Amino acid sequence: MEGLKIENVVASSSMEVNIDLVQASKVLEGSEYDREKFPGLIYRIKDPKTAILLFSSGKVVCTGGKNQDDAKRSVNKVKELLNEGGLETSNQVDVKVQNIVASYGLGQDLNLNSVAMTLGLERVEYEPEQFPGLVYRPRDCDVVLLLFGSGKMVCTGAKDIPALEEAVDTVKHELKKAGLIH
């Protein structure tokens, strides 16, 4: 969908074995590990630009990627570095997308009070004194859309691109039908 911009892909994986994070912090140069502050090791990768959270259980969270391939490449890079450093991991590492955050611009301003009434109060949260955006949860969809008066949207909760596109199409259709956008 033209105009839909992926901002962040969060994925999870597992090395399938327990990891000694003190040893891993020595192997992964520049990583941060202070179990008093956070139970996992933080490792930032420059290419692709992502951050890996590695836990002693072997669980891995990758954030910051722009697509699923970025997450896979990052997790595999960490796996290879750990193996080269003498820390054994599983042979096959599966990476599963947990959340995709994207942005989209409608190209025109929105009257959020009218939008709240149009989309139905049972699917909308709008408290402008608390937050400048309107939170919209389309029916039969895990995606949550944040709509702003500028016409910008932030979409979160999707596990794939088609779900994002469907949610954006749904809200655009409803707003057009109500005459709130053209």
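Before we start, one term: two elements are in contact when heavy atoms lie within 4.5 Å. Keep in mind, too, that this is a predicted model.

**Exercise 1. Find the helices that lie on the sheet, and work out which strands each one touches.**

Let's begin with helix H2, residues 68-84. It lies across strands E1 (5-14), E2, E3 (50-54), E4 (59-65) and E5 (96-105). Its direction is at about 50° to E3.

Now take helix H4, residues 161-177. H4 packs on the sheet as well, touching E1, E5, E7 (134-136), E8 and E9. Its direction makes about 135° with that of E9.

**Exercise 2. Trace the sheet from one side to the other, and say which strands stand at the edges.**

Read across the open sheet and you get 9 strands in the order E2-E3-E4-E1-E5-E9-E8-E7-E6, with antiparallel pairing. Then look at the two ends: E2 (41-45) and E6 (124-125) each have a single partner strand, so one side of each has no neighbour in the sheet.

**Exercise 3. Follow E3 and its two partners, and decide whether E3 is buried or exposed.**

Start on the E2 side. E2 and E3 run antiparallel and are joined by 5 bridges. They make a hairpin with 4 residues between them. Arg 44 has Ala 51 in E3 as its bridge partner.

Move to the other side. E3 and E4 are also antiparallel, pairing over 4 bridges. Here Ile 52 stands opposite Cys 62 in E4. This hairpin has 4 residues between its strands, and Gly 58 in the turn shows a positive phi of about 95°.

Last, check the burial. Thr 50, Ile 52 and Leu 54 point one way from E3, while Ala 51 and Leu 53 point the other way, and all are buried. That settles it: E3 is mostly covered, with 5 of its 5 residues buried.

**Exercise 4. Place Glu 32, then find what its side chain meets.**

First, the location: Glu 32 sits in the loop between helix H1 (21-27) and E2. Its relative accessibility is 41%, so Glu 32 counts as partly exposed.

Next, the surroundings. Leaving aside residues up to four places away in sequence, Glu 32 touches Gly 40, Leu 41, Ile 42 and Arg 44. With Arg 44 there is a side-chain polar contact of 2.5 Å.

**Exercise 5. Test whether Cys 141 and Cys 155 are in a disulfide.**

The cut-off you need is this: the two sulfur atoms must be within 2.5 Å. By this rule the count comes to 0 disulfides. For Cys 141, the nearest cysteine sulfur is that of Cys 155, 9.5 Å away, and Cys 141 is in no disulfide. Cys 155 is in no disulfide either.

Now compare their settings. Cys 141 is partly exposed, with a relative accessible area of 22%. Cys 155 is buried at 0%. In the sheet, Cys 155 in E9 stands opposite Leu 145. E8 (residues 144-147) and E9 (residues 152-158) pair in the antiparallel sense over 4 bridges.

**Exercise 6. Describe the aromatic pair of Phe 131 and Phe 148, and say which loops it connects.**

The structure holds 2 aromatic pairs. In the one formed by Phe 131 and Phe 148, the ring centres are 5.8 Å apart and the planes make 65°, an edge-to-face arrangement.

Then locate the partners. Phe 131 lies in the loop between E6 and E7, and Phe 148 in the loop between E8 and E9, so the pair ties together parts 17 residues apart in sequence. As for exposure, Phe 131 is partly exposed, at 35% relative accessible area.

Technical notes. Residues are numbered from 1 along each chain as its sequence is written. This is a predicted model: local features need pLDDT of at least 70, side-chain atom pairs count only at pLDDT 80 or more; totals for chains, interfaces and linings use all residues. Side-chain values use heavy atoms; hydrogens and water are left out. Two strands pair if DSSP finds at least two bridges between them. Axes are lines fitted to C-alpha atoms, for helices over the stretch in contact, and angles run from 0 to 180 degrees between N-to-C directions. Buried means under 20% relative accessible area, exposed over 50%, partly exposed in between (1.4 Å probe, protein chains only). A polar contact is a pair of N or O atoms within 3.5 Å; within protein, one must be able to donate a hydrogen and the other to accept it, and residues adjacent in sequence count only if both atoms are side-chain atoms. Rings of Phe, Tyr and Trp (its six-membered ring) pair if their centres lie within 6.5 Å; planes under 30 degrees apart count as stacked, over 60 as edge-to-face and the rest as tilted.
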